[in-house]
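Colleague: I should like to examine the reasoning behind the labels applied to this model. Please set each value against its criterion as we proceed.

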Amino acid sequence: MGLVNEIWEDKSKRILNPVAFSEVAERYAQAIADEGKRNKNKNAQSQVRKFYDAIFRLNERAKAGGDFNAILVELNRELALVHYAKGKDKVTNKFVDMMKELITAVKNKDDLDVITRFLECFIAFYKIHGPTR
């Protein structure tokens with residue numbers, strides 16, 4: 001799990017990499033944007049943002065004390081929808097791989113919060129590096 005290892009400096013101690021939400025998020029945003037541009041403008045901002053929005057809503061439910069098992073079910077459903085978008089040629093392999101790694105790394109509410117915050121920063125950088133339409 002490359003990305004997850006880059007986000008955490010020491011996951012067992014819950015210590016985040018100080019540059020996870022800046023340098024790491026920007027590097028992934030740039031790579032996914034570049035791949036999308038090379039592949040017939042896949043990874044449209046609206047498509048990418050849709051998945052962040054869904055995970056953000058799930059994180060909010062978790063923070064509000066929602067049933068975490070039900071939240072995990074919905075989170076894993078999002079992974080299926082990412083693959084569906086790939087099947088429809090809307091997103092690239094790099095985007096699918098990133099989302100798969102992030103989603104499968106979630107074991108508890110804290111993990112969900114960390115990946116949500118990472119994706120928030122990724123989206124911010126994607127706004128700069130991604131396609132304009």
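Modeller: The model is a predicted one. A suitable place to begin is helix α3, whose buried residues pack against α4, α5 and α6.

Colleague: Which residues of α3 are buried?

Modeller: In α3 the buried residues are Gln45, Gln47, Val48, Phe51, Tyr52, Ala54, Ile55, Leu58, Asn59 and Ala62. The label applies to a relative accessible area under 20%.

Colleague: How do you know that the length of α3 agrees with its number of residues?

Modeller: The 19 residues of α3, at 1.5 Å a residue, should span 27 Å, and the end C-alpha atoms are 26 Å apart, so the two values agree. After α3 comes Gly65, which has a positive phi near 90 degrees.

Colleague: What does the corresponding test give for helix α4?

Modeller: Helix α4 covers residues 68–87, and its 20 residues should span 28 Å at 1.5 Å a residue; the end C-alpha atoms lie 29 Å apart, which again agrees.

Colleague: Why are the buried residues of α4 said to line one face of the helix?

Modeller: The buried residues in question are Phe68, Ile71, Leu75, Glu78, Leu79, Val82 and Ala85. Viewed down the axis of α4, they fall within an arc of 120 degrees, and therefore they line one face. A general point applies here: an α-helix has 3.6 residues a turn, so residues three or four places apart point the same way. The buried residues of α4 pack against α3, α5 and α6, whereas the face turned away from the buried side carries the exposed residues Asn69, Tyr84 and Gly87.

Colleague: Why is Glu74 called partly exposed?

Modeller: Glu74, which is found in helix α4, has a relative accessible area of 30%. Buried requires under 20% and exposed over 50%, so Glu74 is partly exposed at 30%. Leaving aside neighbours within four places in sequence, Glu74 is in contact with Leu58 and Arg61. Glu74 and Ile55 are 19 residues apart in sequence, and their C-alpha atoms are 9.0 Å apart in space.

Colleague: How many aromatic pairs are there, and what makes the pair of Phe51 and Phe95 tilted?

Modeller: The count comes to four aromatic pairs. For Phe51 and Phe95 the ring centres are 5.9 Å apart and the planes stand at 45 degrees. Pairing requires centres within 6.5 Å, while stacked applies under 30 degrees and edge-to-face over 60; an angle of 45 degrees satisfies neither of these, so the pair is tilted. This pair links distant parts of the chain, with Phe51 in helix α3 and Phe95 in helix α5, 44 residues apart. Phe51 and Phe95 are both buried.

Colleague: Why, then, is the pair of Phe122 and Tyr126 called stacked?

Modeller: The ring centres of Phe122 and Tyr126 are 5.6 Å apart and their planes are at 25 degrees. Because stacked applies to planes under 30 degrees apart, this pair is stacked. Both residues belong to helix α6 (residues 109–129) and are four residues apart, about one turn of the helix. Phe122 counts as buried at 1% relative accessibility, and Tyr126 is buried at 2%.

Colleague: Where do helices α2 and α5 meet?

Modeller: Tyr28, Ala31, Ile32 and Glu35 in α2 meet Asn93, Lys94, Phe95 and Met98 in α5. The residues of this contact divide into five nonpolar, one polar and two charged. The axes of α2 (residues 20–38) and α5 (residues 93–104) come within 8 Å and cross at roughly 145 degrees.

Colleague: Is Asn41 buried or exposed, and how is Asn43 classed?

Modeller: Asn41 has a relative accessible area of 54%, so Asn41 is exposed, the criterion being over 50%. Asn43 has 0% and is therefore buried. Asn41 lies in the loop between α2 and α3, as does Asn43.

Colleague: What makes the phi of Asn43 worth recording?

Modeller: The phi of Asn43 is near 65 degrees, a positive value in a residue other than glycine. Asp89, in the loop between α4 and α5, also has a positive phi near 65 degrees. With a relative accessible area of 41%, Asp89 is partly exposed.

Note on methods:
Residues are numbered from 1 along each chain as its sequence is written. This is a predicted model: local features need pLDDT of at least 70, side-chain atom pairs count only at pLDDT 80 or more; totals for chains, interfaces and linings use all residues. Side-chain values use heavy atoms; hydrogens and water are left out. Axes are lines fitted to C-alpha atoms, for helices over the stretch in contact, and angles run from 0 to 180 degrees between N-to-C directions. Helices (H or I, at least four residues) and strands (E, at least two) are DSSP runs, numbered from the N terminus. Contact means heavy atoms within 4.5 Å. Ala, Val, Leu, Ile, Met, Phe, Trp, Tyr, Cys and Pro count as nonpolar, Asp, Glu, Lys and Arg as charged, and the others, Gly among them, as polar. Buried means under 20% relative accessible area, exposed over 50%, partly exposed in between (1.4 Å probe, protein chains only). Rings of Phe, Tyr and Trp (its six-membered ring) pair if their centres lie within 6.5 Å; planes under 30 degrees apart count as stacked, over 60 as edge-to-face and the rest as tilted. The expected span of a helix is 1.5 Å times one less than its number of residues. The arc is that of the directions from the helix axis to the C-beta atoms.
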